[in-house]
Amino acid sequence: MSNQPFGTRLRAAMNQRGPLCVGIDPHAHLLDSWGLPDTAEGLASFTYGVVDALAEHVAVFKPQSAFFERFGSAGIAVLEQATIRLREAGALVIIDAKRGDIGSTMAGYASAYLAEKGPLACDALTVSPYLGFGSLQPAIDEARAAGAGLFVLALTSNPEGPQFQSARTTAGQTVAGAVLDGLRELNAEADDLGSFGAVVGATIKSTDENLDIRGPLLAPGLGAQGGTVAGLTEIFGAAVRNVLPSSSREILGAGPDATSLRDAAARTNESFRTVLGY
């Protein structure tokens with residue numbers, strides 16, 4: 001995948017193109033707003049329209065796998081081709097699939113998404129730690145071998161999240177705190193930005209958890225979901241420069257016109273540059 005680790009490549013991409021991560025979430029209503037049918041063909045037109053308009057201008061893209069999977073093999077083929085085209089244009093791709101399992105099954109997911117020659121090879125993958133942080137080891141090993149990264153669910157923005165994330169482990173700390181500690185350990189030897197990040201929702205308002213994990217902090221929920229640019233400093237504090245803010249509907253809703261998409265992305269990116277110091 002690369003001789004450089006994901007964290008190094010991510011920092012370079014954010015420095016060059018700005019910190020914006022564009023989520024590619026082809027909801028049925030977004031396809032409709034573009035005048036497209038809710039079919040595999042409509043999905044392809046939508047996705048490639050986003051790719052063609054933004055691939056050379058945005059640092060990171062985060063396609064949500066579920067919206068491709070719902071069209072079966074035809075949808076997965078669109079995700080595969082979009083990932084290839086985005087990376088060829090110099091962008092990084094995080095596939096948002098939230099995979100989580102144990103042993104050989106987790107190794108299978110890692111092989112598909114993280115191995116250098118995997119069929120869905122991307123730069124990073126979102127994963128779930130709720131079978132125990134140690135269950136992620138096959139993905140951690142594959143990511144290290146390929147120069148890829150992981151984003152581990154830690155403090156998500158959904159209202160049900162605290163039921164698990166705020167629960168206490170047998171050691172007395174919160175589950176979220178244990179996840180963040182595990183990531184901090186994985187990133188301990190990174191010179192600047194490690195390759196193992198956390199997913200921390202931009203709508204959580206504030207937290208007592210230590211978010212300085214020496215790795216990237218993927219922050220979904222900005223824009224339509226209620227997260228604000230100004231709120232990033234309140235949530236992330238001293239770790240704010242490591243935030244990778246993700247926006248989807250606020251940008252995708254400007255399509256299908258390519259110029260309008262680029263303008264929306266540029267405006268959003270500039271607002272993040274100011275707050276995050278890029």
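Student: In what order do the eight strands close into a barrel?
Tutor: This is a predicted model, and in it the pairing of the barrel strands is parallel. Neighbouring strands of this sheet are turned by 30 degrees against each other on average, ignoring direction. The order you're after is β1-β2-β3-β4-β5-β6-β7-β8.

Student: Let's zoom in on one pair. Which residue of β7 is the bridge partner of Val 199?
Tutor: Start with the two strands: β6 covers residues 196-200 and β7 covers 217-219. They pair in the parallel sense over two bridges. For Val 199, the partner in β7 is Leu 218.

Student: Now the helices on the sheet. What angle does α1 make with β3?
Tutor: Helix α1, residues 6-17, packs on the sheet and touches β2, β3, β4, β5 and β8. Taking the direction of β3 (92-99) as the reference, the angle is about 125 degrees.

Student: And α9, which strands does it lie across?
Tutor: That helix spans residues 175-186. Its run makes about 155 degrees with β5. The strands it lies across are β5 and β6.

Student: How far does α5 reach from its first C-alpha to its last?
Tutor: The helix has 17 residues, 72-88. At 1.5 Å a residue you'd expect 24 Å, and the model comes close to that. The reach is 25 Å.

Student: Why do the buried residues of α5 sit on the same side?
Tutor: Those residues are Gly 75, Val 78, Leu 79, Ala 82, Thr 83 and Leu 86. They end up on the same side of α5 because the arc they cover around the axis is only 130 degrees.

Student: What covers that buried side, and which exposed residues are on the face turned away from it?
Tutor: The cover over the buried residues includes β1, α3, β2, α4 and β3. The face turned away from the buried side of α5 carries the exposed pair Ser 73 and Glu 88.

Student: Which residue with a positive phi follows α5?
Tutor: Look just past the helix for a phi near 95 degrees. That's Gly 90.

Student: Stepping back, what is the radius of gyration of the protein?
Tutor: The protein has 12 helices and eight strands. The globule rule gives 19 Å for 278 residues, and the model's value is close to that, so the protein is as compact as a globular protein of that length. The radius of gyration is 18 Å.

Student: Last one: what share of the residues count as buried?
Tutor: Here buried means under 20% relative accessible area. Out of the 278 residues, the share is 54%.

Methods:
Residues numbered from 1 in each chain as written. Predicted model: local features only at pLDDT ≥ 70, side-chain atom pairs only at ≥ 80, totals over all residues. Heavy atoms only, no water. Pairing = 2+ DSSP bridges. Helix = DSSP H or I, 4+ residues; strand = E, 2+ residues; numbered from the N terminus. Axes fitted to C-alpha atoms, helices over the stretch in contact; angles between N-to-C directions. Contact = heavy atoms within 4.5 Å. Expected span 1.5 Å × (residues − 1). Buried < 20%, exposed > 50% of the residue type's maximum accessible area, 1.4 Å probe, protein only. Arc of directions from axis to C-beta. Rg over C-alpha atoms; globule rule 2.2 N^0.38 Å.
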